[in-house]
Amino acid sequence: MVLLTLLSCSDGDKHPYQDITPEALSGMKVPRYELDYDDIHGQIRQLMKSETSSSAAVRFVRNYYTSDSSFIWIDRNGMDYRADTLLSFISKVDEMGFRKELFRVSQIEEDLKRVRTLNFDSTSNNINKVLARLEYNLSRAFVRYSSGQNFGFVNPSIILNRDPENNSDTARMVYKHQFDIKIEHPSDSFYNKAVEVMKSGNMGDFLREIQPKRKLYRLLQDRLNNENLSEKEWFTTLCNMERCRWNEKVVEEDCEKYVLVNIPSFMLKAVDGDNVLNMRVCCGATDTKTPLLTSEIVRMELNPMWNVPYSIAKGIAGSYGYMQRNNMFIYDKTRGRLPASEASRELILSGQQRIIQEGGPGNSLGRIIFRFENNFSVYLHHTSSPGAFQSANRAISHGCVRVEKPYELAVFLMKEKDMKLAEKIKYSMTYKMEKDSEGKPVTSSVKKDCLVRNVKVDPNIPVFLTYYTIYPDNEGKLVEYRDVYGYDRRIIDRLRPYVKRK
(Lines give C-alpha, C1' and ligand atoms only; values in the text may rest on other atoms or scores of the structure.)
Protein backbone atom coordinates (compact mmCIF):
# COMPACT_ATOMS: atom_id res chain seq x y z
CA MET A 1 0.00 0.00 0.00
CA VAL A 2 2.82 2.43 0.84
CA LEU A 3 4.62 1.67 -2.40
CA LEU A 4 1.47 2.16 -4.44
CA THR A 5 0.81 5.47 -2.70
CA LEU A 6 4.32 6.66 -3.45
CA LEU A 7 4.03 5.60 -7.06
CA SER A 8 0.78 7.50 -7.44
CA CYS A 9 2.29 10.87 -6.46
CA SER A 10 2.05 13.42 -9.28
CA ASP A 11 3.92 16.46 -8.00
CA GLY A 12 6.10 16.54 -11.11
CA ASP A 13 9.26 15.44 -9.36
CA LYS A 14 10.91 12.21 -10.35
CA HIS A 15 10.47 9.79 -7.47
CA PRO A 16 13.08 7.12 -6.79
CA TYR A 17 10.38 4.34 -6.80
CA GLN A 18 8.42 5.38 -9.88
CA ASP A 19 10.26 3.00 -12.17
CA ILE A 20 9.32 -0.09 -10.06
CA THR A 21 7.06 -2.40 -12.08
CA PRO A 22 4.39 -4.95 -10.88
CA GLU A 23 6.74 -7.69 -12.07
CA ALA A 24 9.41 -6.36 -9.78
CA LEU A 25 6.96 -6.23 -6.84
CA SER A 26 5.89 -9.84 -7.40
CA GLY A 27 9.38 -10.91 -6.60
CA MET A 28 8.94 -9.67 -3.07
CA LYS A 29 6.27 -12.34 -2.30
CA VAL A 30 7.09 -14.94 0.37
CA PRO A 31 5.80 -18.35 -0.85
CA ARG A 32 4.96 -19.71 2.59
CA TYR A 33 2.57 -16.77 3.22
CA GLU A 34 0.87 -17.02 -0.18
CA LEU A 35 -2.82 -18.04 -0.08
CA ASP A 36 -4.25 -20.38 -2.70
CA TYR A 37 -8.02 -20.56 -2.33
CA ASP A 38 -8.33 -23.53 -4.67
CA ASP A 39 -5.80 -25.37 -2.55
CA ILE A 40 -7.74 -24.50 0.62
CA HIS A 41 -10.92 -25.93 -0.92
CA GLY A 42 -9.03 -29.06 -1.85
CA GLN A 43 -7.66 -29.42 1.66
CA ILE A 44 -11.20 -29.08 3.10
CA ARG A 45 -12.37 -31.88 0.79
CA GLN A 46 -9.59 -34.08 2.11
CA LEU A 47 -10.65 -33.32 5.70
CA MET A 48 -14.23 -34.30 4.88
CA LYS A 49 -13.07 -37.60 3.38
CA SER A 50 -11.30 -38.47 6.63
CA GLU A 51 -14.30 -37.46 8.78
CA THR A 52 -15.38 -40.23 11.18
CA SER A 53 -18.47 -38.63 12.77
CA SER A 54 -21.90 -39.39 11.30
CA SER A 55 -23.82 -36.88 13.44
CA ALA A 56 -26.44 -34.71 11.75
CA ALA A 57 -24.47 -31.58 12.64
CA VAL A 58 -21.29 -32.83 10.97
CA ARG A 59 -23.28 -34.02 7.93
CA PHE A 60 -24.65 -30.50 7.56
CA VAL A 61 -21.14 -28.99 7.65
CA ARG A 62 -19.93 -31.47 5.05
CA ASN A 63 -22.90 -30.68 2.80
CA TYR A 64 -22.25 -26.97 3.19
CA TYR A 65 -18.66 -27.20 1.98
CA THR A 66 -19.65 -29.60 -0.77
CA SER A 67 -22.31 -27.31 -2.23
CA ASP A 68 -21.05 -23.83 -1.28
CA SER A 69 -17.63 -22.48 -2.14
CA SER A 70 -17.73 -19.45 0.16
CA PHE A 71 -15.62 -19.48 3.30
CA ILE A 72 -17.14 -18.62 6.68
CA TRP A 73 -14.07 -17.87 8.79
CA ILE A 74 -11.36 -16.94 6.27
CA ASP A 75 -11.22 -13.45 4.82
CA ARG A 76 -8.52 -11.01 3.76
CA ASN A 77 -7.99 -10.06 7.40
CA GLY A 78 -7.22 -13.59 8.48
CA MET A 79 -8.95 -14.92 11.62
CA ASP A 80 -10.83 -12.44 13.84
CA TYR A 81 -12.37 -12.53 17.32
CA ARG A 82 -15.14 -14.93 16.23
CA ALA A 83 -12.76 -17.86 16.65
CA ASP A 84 -11.87 -16.70 20.17
CA THR A 85 -15.56 -16.39 21.08
CA LEU A 86 -16.20 -19.97 20.01
CA LEU A 87 -13.10 -21.21 21.83
CA SER A 88 -14.30 -19.63 25.07
CA PHE A 89 -17.28 -22.01 24.96
CA ILE A 90 -15.87 -25.24 23.54
CA SER A 91 -12.76 -25.11 25.74
CA LYS A 92 -15.09 -25.74 28.73
CA VAL A 93 -16.82 -28.86 27.39
CA ASP A 94 -14.90 -30.97 29.88
CA GLU A 95 -17.10 -29.35 32.55
CA MET A 96 -20.04 -30.94 30.70
CA GLY A 97 -18.26 -34.30 30.84
CA PHE A 98 -17.19 -34.30 27.17
CA ARG A 99 -13.75 -34.75 25.67
CA LYS A 100 -12.31 -31.64 24.07
CA GLU A 101 -11.19 -33.81 21.17
CA LEU A 102 -14.87 -34.11 20.23
CA PHE A 103 -14.68 -30.47 19.12
CA ARG A 104 -10.98 -30.54 18.10
CA VAL A 105 -10.17 -27.82 20.60
CA SER A 106 -6.41 -28.45 20.72
CA GLN A 107 -6.06 -28.44 16.94
CA ILE A 108 -8.00 -25.18 16.67
CA GLU A 109 -5.89 -23.54 19.39
CA GLU A 110 -2.68 -24.69 17.74
CA ASP A 111 -3.70 -23.53 14.27
CA LEU A 112 -4.92 -20.15 15.52
CA LYS A 113 -1.54 -19.59 17.15
CA ARG A 114 0.21 -20.47 13.88
CA VAL A 115 -1.88 -17.96 11.94
CA ARG A 116 -1.28 -15.19 14.44
CA THR A 117 2.44 -15.79 14.67
CA LEU A 118 2.87 -16.65 10.96
CA ASN A 119 4.40 -19.94 12.04
CA PHE A 120 3.95 -21.92 8.82
CA ASP A 121 6.11 -24.46 7.06
CA SER A 122 6.14 -26.05 3.64
CA THR A 123 4.68 -29.44 4.65
CA SER A 124 1.80 -30.40 6.99
CA ASN A 125 1.52 -26.90 8.42
CA ASN A 126 1.70 -24.80 5.29
CA ILE A 127 -0.60 -21.78 5.28
CA ASN A 128 -3.30 -23.33 3.08
CA LYS A 129 -3.52 -26.54 5.13
CA VAL A 130 -3.67 -24.59 8.39
CA LEU A 131 -6.40 -22.25 7.14
CA ALA A 132 -8.36 -25.19 5.69
CA ARG A 133 -8.24 -26.96 9.04
CA LEU A 134 -9.37 -23.83 10.83
CA GLU A 135 -12.19 -23.17 8.37
CA TYR A 136 -13.55 -26.71 8.60
CA ASN A 137 -12.90 -27.37 12.30
CA LEU A 138 -14.35 -24.07 13.50
CA SER A 139 -17.56 -24.63 11.52
CA ARG A 140 -17.70 -28.24 12.66
CA ALA A 141 -17.22 -27.29 16.32
CA PHE A 142 -19.72 -24.44 16.24
CA VAL A 143 -22.53 -26.41 14.62
CA ARG A 144 -21.93 -29.56 16.66
CA TYR A 145 -21.74 -27.67 19.95
CA SER A 146 -24.74 -25.41 19.34
CA SER A 147 -27.02 -28.19 18.07
CA GLY A 148 -25.99 -30.49 20.95
CA GLN A 149 -26.55 -27.92 23.67
CA ASN A 150 -29.83 -26.76 22.15
CA PHE A 151 -31.36 -30.15 21.25
CA GLY A 152 -29.24 -32.83 22.91
CA PHE A 153 -26.39 -34.99 21.68
CA VAL A 154 -28.56 -38.13 21.42
CA ASN A 155 -32.06 -38.48 19.99
CA PRO A 156 -34.47 -40.00 22.56
CA SER A 157 -37.13 -40.57 19.92
CA ILE A 158 -34.82 -43.16 18.38
CA ILE A 159 -33.10 -44.85 21.30
CA LEU A 160 -36.17 -45.10 23.58
CA ASN A 161 -38.72 -46.21 20.99
CA ARG A 162 -37.25 -49.57 20.04
CA ASP A 163 -38.06 -51.95 22.86
CA PRO A 164 -39.10 -55.50 21.95
CA GLU A 165 -39.56 -56.27 25.66
CA ASN A 166 -42.60 -53.99 26.03
CA ASN A 167 -45.71 -56.16 25.69
CA SER A 168 -48.30 -53.72 26.99
CA ASP A 169 -51.78 -54.24 25.62
CA THR A 170 -53.20 -51.56 27.88
CA ALA A 171 -50.87 -49.00 26.34
CA ARG A 172 -51.41 -50.29 22.78
CA MET A 173 -47.72 -49.93 22.07
CA VAL A 174 -47.90 -51.23 18.52
CA TYR A 175 -44.48 -49.79 17.70
CA LYS A 176 -43.03 -50.38 21.15
CA HIS A 177 -42.88 -46.66 21.83
CA GLN A 178 -42.05 -45.31 25.26
CA PHE A 179 -41.05 -41.75 24.40
CA ASP A 180 -43.80 -39.46 23.12
CA ILE A 181 -42.70 -36.15 24.59
CA LYS A 182 -42.92 -33.44 21.96
CA ILE A 183 -39.38 -32.13 21.45
CA GLU A 184 -37.71 -29.89 18.91
CA HIS A 185 -35.04 -31.36 16.63
CA PRO A 186 -32.35 -29.43 14.72
CA SER A 187 -33.85 -28.39 11.40
CA ASP A 188 -32.53 -26.80 8.22
CA SER A 189 -33.66 -23.43 9.53
CA PHE A 190 -31.57 -23.92 12.68
CA TYR A 191 -28.47 -24.94 10.71
CA ASN A 192 -28.92 -22.04 8.29
CA LYS A 193 -29.26 -19.73 11.28
CA ALA A 194 -25.99 -21.15 12.62
CA VAL A 195 -24.23 -20.27 9.35
CA GLU A 196 -25.69 -16.77 9.48
CA VAL A 197 -24.46 -16.32 13.06
CA MET A 198 -20.97 -17.61 12.20
CA LYS A 199 -20.72 -15.15 9.34
CA SER A 200 -22.19 -12.17 11.23
CA GLY A 201 -19.97 -12.64 14.26
CA ASN A 202 -22.83 -12.26 16.77
CA MET A 203 -22.19 -15.74 18.15
CA GLY A 204 -21.65 -14.91 21.82
CA ASP A 205 -25.32 -14.05 22.35
CA PHE A 206 -26.38 -17.03 20.23
CA LEU A 207 -24.25 -19.54 22.15
CA ARG A 208 -25.48 -18.20 25.47
CA GLU A 209 -29.07 -18.40 24.31
CA ILE A 210 -28.89 -22.06 23.25
CA GLN A 211 -27.62 -23.29 26.62
CA PRO A 212 -30.01 -25.65 28.51
CA LYS A 213 -32.47 -23.56 30.51
CA ARG A 214 -33.54 -26.04 33.19
CA LYS A 215 -32.45 -25.27 36.75
CA LEU A 216 -31.84 -28.98 37.18
CA TYR A 217 -29.13 -28.85 34.49
CA ARG A 218 -27.00 -26.43 36.53
CA LEU A 219 -27.43 -28.52 39.67
CA LEU A 220 -26.37 -31.63 37.79
CA GLN A 221 -23.36 -29.91 36.21
CA ASP A 222 -22.16 -28.84 39.66
CA ARG A 223 -22.59 -32.44 40.81
CA LEU A 224 -20.73 -33.80 37.78
CA ASN A 225 -17.65 -31.79 38.67
CA ASN A 226 -17.55 -33.19 42.20
CA GLU A 227 -14.37 -35.26 42.35
CA ASN A 228 -15.90 -37.59 44.96
CA LEU A 229 -18.41 -39.16 42.56
CA SER A 230 -18.05 -42.84 41.76
CA GLU A 231 -17.95 -43.85 38.09
CA LYS A 232 -21.59 -44.97 38.24
CA GLU A 233 -22.71 -41.74 39.90
CA TRP A 234 -20.75 -39.72 37.35
CA PHE A 235 -22.33 -41.44 34.36
CA THR A 236 -25.80 -41.23 35.91
CA THR A 237 -25.31 -37.49 36.35
CA LEU A 238 -24.11 -37.14 32.76
CA CYS A 239 -27.16 -39.06 31.55
CA ASN A 240 -29.61 -36.78 33.36
CA MET A 241 -27.82 -33.68 32.07
CA GLU A 242 -28.48 -34.99 28.58
CA ARG A 243 -32.18 -35.29 29.40
CA CYS A 244 -32.16 -31.62 30.38
CA ARG A 245 -30.84 -30.72 26.90
CA TRP A 246 -33.77 -32.24 25.05
CA ASN A 247 -35.66 -29.25 23.71
CA GLU A 248 -39.19 -29.97 24.93
CA LYS A 249 -41.94 -27.81 23.45
CA VAL A 250 -43.54 -27.49 26.89
CA VAL A 251 -41.63 -27.74 30.19
CA GLU A 252 -43.02 -27.68 33.70
CA GLU A 253 -40.83 -24.72 34.69
CA ASP A 254 -42.84 -22.56 32.28
CA CYS A 255 -46.17 -23.59 33.86
CA GLU A 256 -47.78 -21.96 36.87
CA LYS A 257 -49.87 -25.06 37.60
CA TYR A 258 -49.02 -28.61 36.55
CA VAL A 259 -48.82 -32.28 37.53
CA LEU A 260 -45.52 -34.18 37.15
CA VAL A 261 -44.86 -37.88 37.60
CA ASN A 262 -41.22 -38.97 37.84
CA ILE A 263 -41.21 -42.71 37.17
CA PRO A 264 -37.87 -43.74 38.79
CA SER A 265 -38.84 -42.05 42.08
CA PHE A 266 -42.44 -43.37 41.90
CA MET A 267 -43.63 -39.93 42.99
CA LEU A 268 -46.17 -37.40 41.76
CA LYS A 269 -45.77 -33.67 42.32
CA ALA A 270 -48.70 -31.31 41.73
CA VAL A 271 -47.60 -27.67 41.71
CA ASP A 272 -49.72 -24.53 41.81
CA GLY A 273 -47.38 -21.61 42.38
CA ASP A 274 -46.00 -22.04 45.89
CA ASN A 275 -48.46 -24.81 46.77
CA VAL A 276 -47.12 -28.33 46.22
CA LEU A 277 -48.93 -31.65 46.66
CA ASN A 278 -46.75 -34.77 46.78
CA MET A 279 -47.83 -38.40 46.71
CA ARG A 280 -46.61 -41.88 45.88
CA VAL A 281 -47.54 -43.55 42.62
CA CYS A 282 -47.37 -46.98 41.04
CA CYS A 283 -46.15 -47.12 37.43
CA GLY A 284 -45.89 -49.69 34.67
CA ALA A 285 -43.97 -52.89 35.21
CA THR A 286 -40.77 -53.48 33.24
CA ASP A 287 -42.60 -55.43 30.52
CA THR A 288 -45.53 -52.96 30.41
CA LYS A 289 -43.72 -49.67 30.85
CA THR A 290 -45.45 -46.37 31.46
CA PRO A 291 -44.73 -44.19 28.41
CA LEU A 292 -43.02 -40.83 28.72
CA LEU A 293 -45.29 -38.07 27.46
CA THR A 294 -46.64 -34.58 27.93
CA SER A 295 -50.33 -33.77 27.76
CA GLU A 296 -53.11 -31.90 29.58
CA ILE A 297 -55.64 -33.29 32.04
CA VAL A 298 -59.05 -32.47 30.59
CA ARG A 299 -61.53 -34.22 32.88
CA MET A 300 -62.07 -36.43 35.90
CA GLU A 301 -64.32 -39.47 35.60
CA LEU A 302 -65.87 -40.97 38.71
CA ASN A 303 -66.48 -44.72 39.07
CA PRO A 304 -65.19 -45.59 35.58
CA MET A 305 -65.62 -48.93 33.88
CA TRP A 306 -62.46 -50.93 33.19
CA ASN A 307 -61.73 -52.44 29.82
CA VAL A 308 -59.67 -55.44 30.91
CA PRO A 309 -56.46 -55.55 28.82
CA TYR A 310 -55.84 -58.57 26.65
CA SER A 311 -52.83 -59.64 28.70
CA ILE A 312 -55.18 -60.13 31.70
CA ALA A 313 -58.32 -61.14 29.81
CA LYS A 314 -56.68 -64.20 28.27
CA GLY A 315 -55.94 -65.49 31.78
CA ILE A 316 -59.52 -65.20 33.07
CA ALA A 317 -61.41 -65.86 29.84
CA GLY A 318 -62.88 -69.14 31.09
CA SER A 319 -63.38 -68.12 34.74
CA TYR A 320 -67.08 -67.23 34.64
CA GLY A 321 -67.46 -67.29 38.42
CA TYR A 322 -64.50 -64.93 38.90
CA MET A 323 -65.92 -62.50 36.37
CA GLN A 324 -69.35 -62.52 38.03
CA ARG A 325 -67.91 -61.99 41.52
CA ASN A 326 -65.94 -59.00 40.24
CA ASN A 327 -68.89 -57.34 38.47
CA MET A 328 -67.59 -58.07 34.98
CA PHE A 329 -69.57 -58.42 31.79
CA ILE A 330 -68.84 -59.13 28.15
CA TYR A 331 -69.00 -56.73 25.24
CA ASP A 332 -69.44 -58.58 21.95
CA LYS A 333 -68.76 -56.61 18.75
CA THR A 334 -71.82 -58.20 17.11
CA ARG A 335 -74.27 -58.78 19.96
CA GLY A 336 -73.37 -55.93 22.31
CA ARG A 337 -73.46 -56.30 26.09
CA LEU A 338 -73.67 -59.87 27.43
CA PRO A 339 -73.52 -61.43 30.89
CA ALA A 340 -70.24 -63.06 31.92
CA SER A 341 -71.87 -66.48 31.52
CA GLU A 342 -71.94 -65.96 27.75
CA ALA A 343 -68.23 -65.29 27.48
CA SER A 344 -66.39 -67.31 24.84
CA ARG A 345 -62.70 -67.93 25.42
CA GLU A 346 -62.16 -68.34 21.69
CA LEU A 347 -63.90 -65.03 20.91
CA ILE A 348 -62.03 -63.23 23.70
CA LEU A 349 -58.67 -64.46 22.38
CA SER A 350 -59.63 -63.42 18.83
CA GLY A 351 -60.66 -59.93 19.95
CA GLN A 352 -64.34 -60.38 19.07
CA GLN A 353 -65.28 -60.06 22.74
CA ARG A 354 -63.97 -57.80 25.49
CA ILE A 355 -64.20 -58.22 29.26
CA ILE A 356 -65.36 -55.08 31.05
CA GLN A 357 -65.64 -54.44 34.78
CA GLU A 358 -68.48 -52.29 36.09
CA GLY A 359 -67.56 -49.02 37.79
CA GLY A 360 -67.95 -48.58 41.50
CA PRO A 361 -66.63 -50.29 44.63
CA GLY A 362 -64.06 -52.98 43.89
CA ASN A 363 -63.23 -51.73 40.40
CA SER A 364 -59.53 -52.23 39.62
CA LEU A 365 -59.23 -48.62 38.46
CA GLY A 366 -60.53 -47.40 41.78
CA ARG A 367 -63.15 -44.71 42.01
CA ILE A 368 -61.71 -41.96 39.83
CA ILE A 369 -59.66 -41.51 36.65
CA PHE A 370 -57.87 -38.38 35.45
CA ARG A 371 -58.13 -38.34 31.67
CA PHE A 372 -55.68 -36.74 29.24
CA GLU A 373 -55.12 -37.21 25.52
CA ASN A 374 -52.29 -39.54 24.53
CA ASN A 375 -51.45 -42.26 22.02
CA PHE A 376 -51.32 -45.08 24.58
CA SER A 377 -54.69 -45.04 26.41
CA VAL A 378 -52.94 -44.46 29.73
CA TYR A 379 -54.10 -42.19 32.54
CA LEU A 380 -53.78 -41.42 36.23
CA HIS A 381 -56.24 -43.28 38.42
CA HIS A 382 -57.20 -44.49 41.89
CA THR A 383 -56.78 -48.19 42.78
CA SER A 384 -58.62 -50.87 44.69
CA SER A 385 -55.27 -52.10 46.11
CA PRO A 386 -53.85 -49.18 48.14
CA GLY A 387 -51.40 -51.44 49.95
CA ALA A 388 -49.15 -51.34 46.86
CA PHE A 389 -48.07 -47.79 47.75
CA GLN A 390 -46.13 -49.13 50.72
CA SER A 391 -43.80 -51.16 48.49
CA ALA A 392 -40.37 -49.82 47.54
CA ASN A 393 -40.63 -51.12 43.98
CA ARG A 394 -43.88 -49.76 42.62
CA ALA A 395 -43.38 -50.71 38.95
CA ILE A 396 -46.41 -53.02 38.89
CA SER A 397 -49.12 -51.62 36.60
CA HIS A 398 -50.01 -52.33 32.98
CA GLY A 399 -48.85 -48.86 31.93
CA CYS A 400 -51.17 -46.49 33.80
CA VAL A 401 -50.18 -44.47 36.86
CA ARG A 402 -51.95 -45.26 40.14
CA VAL A 403 -52.08 -42.32 42.55
CA GLU A 404 -51.98 -42.52 46.34
CA LYS A 405 -54.17 -39.46 47.08
CA PRO A 406 -56.82 -39.31 44.34
CA TYR A 407 -59.29 -37.08 46.20
CA GLU A 408 -56.60 -34.52 47.06
CA LEU A 409 -55.51 -34.51 43.42
CA ALA A 410 -59.10 -33.98 42.28
CA VAL A 411 -59.46 -30.95 44.54
CA PHE A 412 -56.08 -29.64 43.37
CA LEU A 413 -57.23 -29.73 39.74
CA MET A 414 -60.31 -27.58 40.45
CA LYS A 415 -59.87 -23.95 39.44
CA GLU A 416 -62.38 -22.70 41.98
CA LYS A 417 -62.49 -24.75 45.17
CA ASP A 418 -66.23 -25.42 44.96
CA MET A 419 -66.82 -27.25 48.23
CA LYS A 420 -70.24 -28.55 47.17
CA LEU A 421 -68.68 -30.15 44.11
CA ALA A 422 -65.78 -31.40 46.23
CA GLU A 423 -68.26 -33.08 48.60
CA LYS A 424 -70.02 -34.74 45.66
CA ILE A 425 -66.68 -36.02 44.37
CA LYS A 426 -65.88 -37.38 47.82
CA TYR A 427 -69.25 -39.10 48.15
CA SER A 428 -68.97 -40.56 44.64
CA MET A 429 -65.58 -42.01 45.57
CA THR A 430 -66.66 -43.53 48.87
CA TYR A 431 -70.28 -44.70 48.67
CA LYS A 432 -70.97 -48.42 49.06
CA MET A 433 -74.07 -49.97 47.52
CA GLU A 434 -76.06 -52.20 49.84
CA LYS A 435 -77.22 -55.62 48.68
CA ASP A 436 -80.44 -57.51 49.34
CA SER A 437 -80.77 -61.03 50.73
CA GLU A 438 -80.07 -62.48 47.27
CA GLY A 439 -76.88 -60.45 46.88
CA LYS A 440 -78.33 -58.04 44.34
CA PRO A 441 -77.40 -54.34 44.59
CA VAL A 442 -79.98 -52.02 46.18
CA THR A 443 -79.80 -48.88 44.05
CA SER A 444 -82.08 -46.95 46.41
CA SER A 445 -79.32 -47.05 49.03
CA VAL A 446 -77.31 -44.55 47.00
CA LYS A 447 -77.93 -40.80 47.21
CA LYS A 448 -78.20 -40.14 43.50
CA ASP A 449 -78.36 -36.37 43.92
CA CYS A 450 -74.90 -36.56 45.54
CA LEU A 451 -73.33 -38.51 42.70
CA VAL A 452 -71.20 -36.95 40.00
CA ARG A 453 -69.99 -38.79 36.91
CA ASN A 454 -67.70 -36.39 35.02
CA VAL A 455 -65.97 -33.21 36.09
CA LYS A 456 -64.36 -31.01 33.46
CA VAL A 457 -60.91 -29.67 34.27
CA ASP A 458 -61.06 -26.08 33.06
CA PRO A 459 -58.58 -24.78 32.27
CA ASN A 460 -56.79 -27.96 31.30
CA ILE A 461 -53.80 -28.75 33.53
CA PRO A 462 -50.46 -29.80 31.97
CA VAL A 463 -49.31 -33.29 32.96
CA PHE A 464 -45.75 -34.58 32.52
CA LEU A 465 -44.78 -38.25 32.71
CA THR A 466 -41.00 -38.01 33.02
CA TYR A 467 -37.96 -40.17 33.73
CA TYR A 468 -35.12 -38.68 35.81
CA THR A 469 -32.88 -41.00 37.80
CA ILE A 470 -31.51 -37.97 39.67
CA TYR A 471 -34.15 -35.50 40.80
CA PRO A 472 -34.63 -32.99 43.63
CA ASP A 473 -36.60 -34.17 46.67
CA ASN A 474 -39.09 -31.99 48.56
CA GLU A 475 -36.22 -30.02 50.12
CA GLY A 476 -34.48 -29.50 46.77
CA LYS A 477 -31.70 -32.00 47.48
CA LEU A 478 -30.64 -34.16 44.53
CA VAL A 479 -31.50 -37.82 45.08
CA GLU A 480 -30.47 -40.74 42.88
CA TYR A 481 -33.08 -43.36 41.96
CA ARG A 482 -32.90 -46.80 40.42
CA ASP A 483 -32.93 -47.00 36.63
CA VAL A 484 -36.08 -49.12 36.74
CA TYR A 485 -36.58 -49.33 32.95
CA GLY A 486 -32.91 -49.38 31.95
CA TYR A 487 -33.15 -46.13 29.98
CA ASP A 488 -29.94 -44.75 31.48
CA ARG A 489 -27.96 -47.62 30.00
CA ARG A 490 -29.19 -46.83 26.49
CA ILE A 491 -28.39 -43.14 26.77
CA ILE A 492 -24.97 -43.72 28.34
CA ASP A 493 -24.05 -46.19 25.59
CA ARG A 494 -24.67 -43.41 23.04
CA LEU A 495 -22.81 -40.78 25.06
CA ARG A 496 -19.82 -42.92 26.00
CA PRO A 497 -17.75 -42.10 22.85
CA TYR A 498 -18.05 -38.41 23.72
CA VAL A 499 -17.04 -38.42 27.36
CA LYS A 500 -13.74 -37.67 29.06
CA ARG A 501 -14.14 -40.33 31.79
CA LYS A 502 -13.75 -43.98 30.83
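Hi everyone, this is a short look at a core, a buried arginine and a small set of strands in a predicted model.

Since the model is predicted, local features need pLDDT of at least 70 and side-chain atom pairs count only at pLDDT 80 or more, while totals for chains, interfaces and linings use all residues. Residues are numbered from 1 along each chain as its sequence is written, and side-chain values use heavy atoms, with hydrogens and water left out.

Let's start with the core. The largest nonpolar core (buried Ala, Val, Leu, Ile, Met, Phe, Trp, Tyr and Cys residues joined through side-chain atoms within 4.5 Å) holds 142 residues. Buried here means under 20% relative accessible area with a 1.4 Å probe, protein chains only. F98, F142, V259, L380 and L409 have the most contacts inside this core. Helix α7, residues 127–151, gives the most to it, with 12 residues; helices are DSSP runs of H or I, at least four residues, and strands are runs of E, at least two, numbered from the N terminus.

Now stay on α7, where R144 lies. What is the nearest side chain of opposite charge to R144? That is E51, 5.7 Å away, and buried R144 has no salt bridge, meaning a Lys or Arg side-chain nitrogen within 4 Å of an Asp or Glu carboxyl oxygen. Leaving out residues up to four places away in sequence, R144 touches (heavy atoms within 4.5 Å) F103, F153 and Y498, among others. F98 also touches F103, F153 and Y498, among others.

Lastly, the strands. An open sheet runs β6-β9-β7-β8 with antiparallel pairing, where pairing takes at least two DSSP bridges. Its edges are β6 (306–307) and β8 (336–339). Strands β7 and β8 share 4 bridges, and I330 has L338 in β8 as its bridge partner. Thanks, all!

How values were computed: Buried < 20%, exposed > 50% of the residue type's maximum accessible area, 1.4 Å probe, protein only. Lys, Arg positive; Asp, Glu negative; His and termini not counted.
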